[in-house]
Amino acid sequence: MRPVIKVSGIDKCVGFGDVICSNVSQVIEKEAERGSQEIKKRERSLAPVKSGQLRKSIVARKGKYGISRMVRAKAPHAPLQEYGTRRGVKAKHFAEKTRQEMVPVIEARLRAAIQRVVKR
């Protein structure tokens, strides 16, 4: 079901649009940050441990454009552990498992947070 918003008058309409845009972007920013931290934590828990360097290298940071976050492992051997090699290192897929598990939950939270702001 789509939310219905009734606004009468051009001044109220413009003001309402400004409030919604700023509030929605703040909510998205907050939820994206929270989600990226949860993904980082889960990815660290699934990452294989030998020296601990791979787990320590997993970081969450702000993206360059718009409201975006990026979680990645900066260790040089991270891709070898994630995807495996032809010479005997089995793929662990720790990042892929984390994304499959966490992204739907974060998307649902984002939708719910935006609906709360829009319904005000």
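The legends below describe three close-up views of a predicted model.

**View A. Helix α4 and its kink at Met-102****.** Helix α4 spans residues 94–119, a run of 26 residues. From its first C-alpha to its last, α4 reaches 38 Å, close to the 38 Å expected at 1.5 Å a residue. The helix nevertheless carries a kink of about 35 degrees at Met-102, shortly before the proline Pro-104. Met-102 is itself buried. Other buried residues of α4 include Phe-94, Ala-95, Thr-98 and Ile-106, together with Ala-113, Val-117 and Val-118.

**View B. The largest pocket****.** This pocket has a volume of about 220 Å³. Its lining comprises 15 residues, and those nearest the centre are Ala-32, Gly-35, Ser-36, Ile-39 and Arg-69. At least two lining residues come from each of α1 (10–46), β2 (69–73) and α4. By character, the lining divides into nine nonpolar, three polar and three charged residues.

**View C. The second largest pocket****.** Here the volume is about 170 Å³. Glu-43, Arg-72, Ala-73, Ala-78, Pro-79, Glu-82, Tyr-83, Phe-94 and Ala-95 form the lining. Helix α3 (78–83) supplies at least two of these residues, as do β2 and α4; the contribution of α3 is the most, with four residues. Six lining residues are nonpolar and three are charged, with no polar residue among them. Phe-94 and Ala-95, both in the lining of this pocket, are also among the buried residues of α4.

Technical notes:
Residues numbered from 1 in each chain as written. Predicted model: local features only at pLDDT ≥ 70, side-chain atom pairs only at ≥ 80, totals over all residues. Heavy atoms only, no water. Expected span 1.5 Å × (residues − 1). Bend = angle between axes of the 7 residues up to and from the residue. Buried < 20%, exposed > 50% of the residue type's maximum accessible area, 1.4 Å probe, protein only. 1 Å grid on protein atoms, 1.4 Å probe; cavity = no way out; pocket = protein on both sides within 12 Å on 5 of 7 lines; lining within 4 Å. Points joined across faces, edges and corners; volume = space filled by probe spheres on them. Nonpolar A, V, L, I, M, F, W, Y, C, P; charged D, E, K, R; others polar.
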